[in-house]
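Trainee: I would like a close look at a single part of this chain. Please take one sheet and go through it strand by strand, then set it against the rest.

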Amino acid sequence: MPTSASGPDAMQPARRRRRQGFLPFACLSAALLAAVLLPGAAVADGVTPAEARRLRDEVKDMFYHAFDGYMQHAFPLDELRPLSCQGEDSLGGYALTLIDSLDALALLGDKERFDAAVEWVGKNVRFDINKTVSVFETNIRILGGLLSAHLIASDYATGMKIQSYDDQLLHLAADLAQRLLPAFDTPTGIPFGSVNLLYGVDENESKASFFSGGGTLTLEFGVLSRLTNNSVYEQVTKNSVRGIWARRSKLNLVGAHINVFTGEWTQKDAGIGTSIDSFYEYLLKEAYKAAMHYLHHDPWYVEVNMNSGATVWPLFNSLQAFWPGLQVLAGDVDPAIRTHAAFFSVWKKYGFTPEGFNLATSTIQNGQRSYPLRPELIESTYWLFKATRDHRYLDAGRDILASLQYGAKCPCGYCHISDVETHQQDDHMESFFLAETVKYLWLLFDLAAGPDNIVENGPYKYIFSTEGHLLPATPQITLLDEHCLYAGAFCNGSAGHGYGTSDSSSKHQNSNSVPFDDSRTPSGQCSSNILSTTRGYIK
């Protein structure tokens with residue numbers, strides 16, 4: 001386990017003291033992990049390649065049962081109520097589930113429906129509406145969905161190029177991001193949690209924002225900047241990350257909620273789950289050592305006070321389940337294997353993972369009995385199989401698929417589980433079920449069967465966003481010749497648009513790029529002036 005800068009000797013007594021209170025879940029680990037961690041048990045009934053193909057096809061049928069149910073009974077409302085076969089507007093009233101599912105249609109090779117969906121969104125979706133929306137959710141689900149679909153639809157190399165497509169989704173993405181910009185007009189640069197798409201931030205909007213809401217925006221906004229040559233989107237989101245990270249504790253830990261005006265932490269519990277999780281996808285190299293030192297109680301993770309490191313919450317919450325997959329991407333596979341086995345043991349115990357599982361009592365946390373079709377455990381299962389090719393992860397995927405089929409399937413889609421012990425169904429299906437949960441499960445079995453998709457066989461390597469959207473690592477997006485540091489990425493520009501040299505800006509222009517007026521964001525601007533520039537741009 002990595003140790004803090006003060007050295008391992010200084011921290012050993014404290015670590016031992018903190019762990020003395022966790023004997024109950026140490027026993028829990030031994031009892032629950034045996035069946036999933038022992039190699040003999042894992043491969044005794046392993047998934048064969050032929051079965052992997054059958055399971056892949058079953059997951060594809062799962063996708064279309066839910067997608068067709070949405071299109072027939074809910075579209076163009078945001079989300080499906082799969083028990084009553086009705087629809088509901090949950091985010092902004094702009095066909096959320098369809099936009100969130102666009103790149104999944106492309107991944108499945110369904111060109112006919114992908115073409116029709118892109119055409120409909122381009123013609124019918126508008127954001128000049130009097131709706132107050134979550135900045136975080138709108139970014140990862142809508143902005144990310146539009147950008148991913150645009151990059152697929154506009155490129156012959158993907159095999160999904162739409163001949164009549166004329167950058168409609170990119171224009172929509174730029175319009176949406178412009179309407180989100182007023183949220184960043186704060187003294188700290190950390191955005192408000194919500195914004196009205198027509199009128200900006202309400203004067204009564206809360207100044208407290210959850211941590212991931214300001215730390216998980218750079219990928220989508222950054223891609224938009226590089227496609228439109230308008231640096232302001234990337235500037236404001238990087239400025240937000242800098243504003244948050246500058247307020248970390250001396251232990252290199254961050255809390256769950258922060259005041260966007262004062263920069264004071266209003267909730268100081270540090271963890272890898274709720275309100276913080278996706279931030280680690282951005283600053284893992286900076287935050288990983290502290291997370292492993294203070295939060296890791298092998299194989300579990302707990303929440304601690306960000307200033308003292310003292311444990312305050314011995315809880316596994318379902319959002320933590322993304323962590324083993326992130327560890328795989330960071331190259332730290334051994335602890336990822338152990339933690340995934342621990343998390344999966346909770347799934348095996350109930351058939352689903354509850355939102356909260358108390359490690360001290362080995363029981364479901366009060367008020368956290370539901371499973372809202374979350375993808376995180378499946379995501380980590382996919383990455384661990386991709387890294388190890390260990391068939392225990394196919395077995396885990398098969399078990400997860402069986403739970404969804406027998407416990408969550410309902411007349412028009414797949415239902416939330418309101419209680420993982422009784423498997424009582426709830427009449428709701430979040431858009432991320434199609435955007436992430438089914439996507440990662442399909443990728444898992446497709447990889448085992450012999451991959452046939454743009455992620456494994458396409459012309460690019462793909463970045464998976466927080467919402468599981470596919471963003472190709474093309475030269476235009478990655479800017480291979482950009483030599484700026486993260487904290488000053490816009491300080492080395494010339495007369496172009498702030499992306500390295502002027503040669504770089506012209507070199508990466510192609511048919512996917514739409515020029516936008518950037519006259520109010522000088523490319524030579526240093527990071528200290530970003531906030532004032534942003535305010536001027538918004539006004």
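**A three-stranded sheet and its surroundings**

Mentor: Start with a pair of strands: β5 and strand β6, residues 257–259, run antiparallel and are joined by three bridges. This is a predicted model, and what follows is computed from it. One of the positions to find on screen is Ala208, whose bridge partner in β6 is Asn259. The pair belongs to an open sheet of three strands, in the order β5-β6-β7, with antiparallel pairing. Its edge strands are β5, residues 208–210, and β7, residues 265–267, and each of them pairs on one side only. On average, neighbouring strands of this sheet are turned by 35° against each other, with direction ignored.

Another open sheet can be read in the same manner. Three strands form it in the order β8-β11-β12, and the pairing is antiparallel. Here the edge strands are β8 (269–270) and β12 (311–313), each pairing on one side only. Strand β11, residues 303–305, pairs with β12 in the antiparallel sense over two bridges. Val304 is the residue that stands opposite Thr311 in β12.

For a helix, take α6, residues 111–124. At 1.5 Å a residue, its 14 residues should span 20 Å, and the end C-alpha atoms are 20 Å apart, so the expected and modelled spans agree. The buried residues of α6 are Phe114, Ala117, Val118, Val121 and Gly122. These lie on the same side of α6, because they cover an arc of only 130° around the axis. Glu112 and Lys123, on the other side of α6, are exposed. To see what covers the buried residues of α6, bring up the neighbouring helices: the cover includes α5 (96–107), α7 (135–153) and α8 (168–180).

Last, the chain as a whole. Its secondary structure comes to 21 helices and 21 strands. The chain has 539 residues, of which 60% count as buried. Among contacts with a separation of 6 or more, 70% are between residues 24 or more positions apart. The chain exposes about 20,100 Å², and carbon and sulfur atoms supply 51% of that area.

To return to your request, the sheet to keep on screen is β5-β6-β7, with Ala208 and Asn259 as a bridge pair to locate in it.

How values were computed. Residues are numbered from 1 along each chain as its sequence is written. This is a predicted model: local features need pLDDT of at least 70, side-chain atom pairs count only at pLDDT 80 or more; totals for chains, interfaces and linings use all residues. Side-chain values use heavy atoms; hydrogens and water are left out. Two strands pair if DSSP finds at least two bridges between them. Helices (H or I, at least four residues) and strands (E, at least two) are DSSP runs, numbered from the N terminus. Axes are lines fitted to C-alpha atoms, for helices over the stretch in contact, and angles run from 0 to 180 degrees between N-to-C directions. Buried means under 20% relative accessible area, exposed over 50%, partly exposed in between (1.4 Å probe, protein chains only). Contact means heavy atoms within 4.5 Å. Accessible areas come from the Shrake-Rupley method with a 1.4 Å probe; for residues, only the protein chains shown count as cover. The expected span of a helix is 1.5 Å times one less than its number of residues. The arc is that of the directions from the helix axis to the C-beta atoms.
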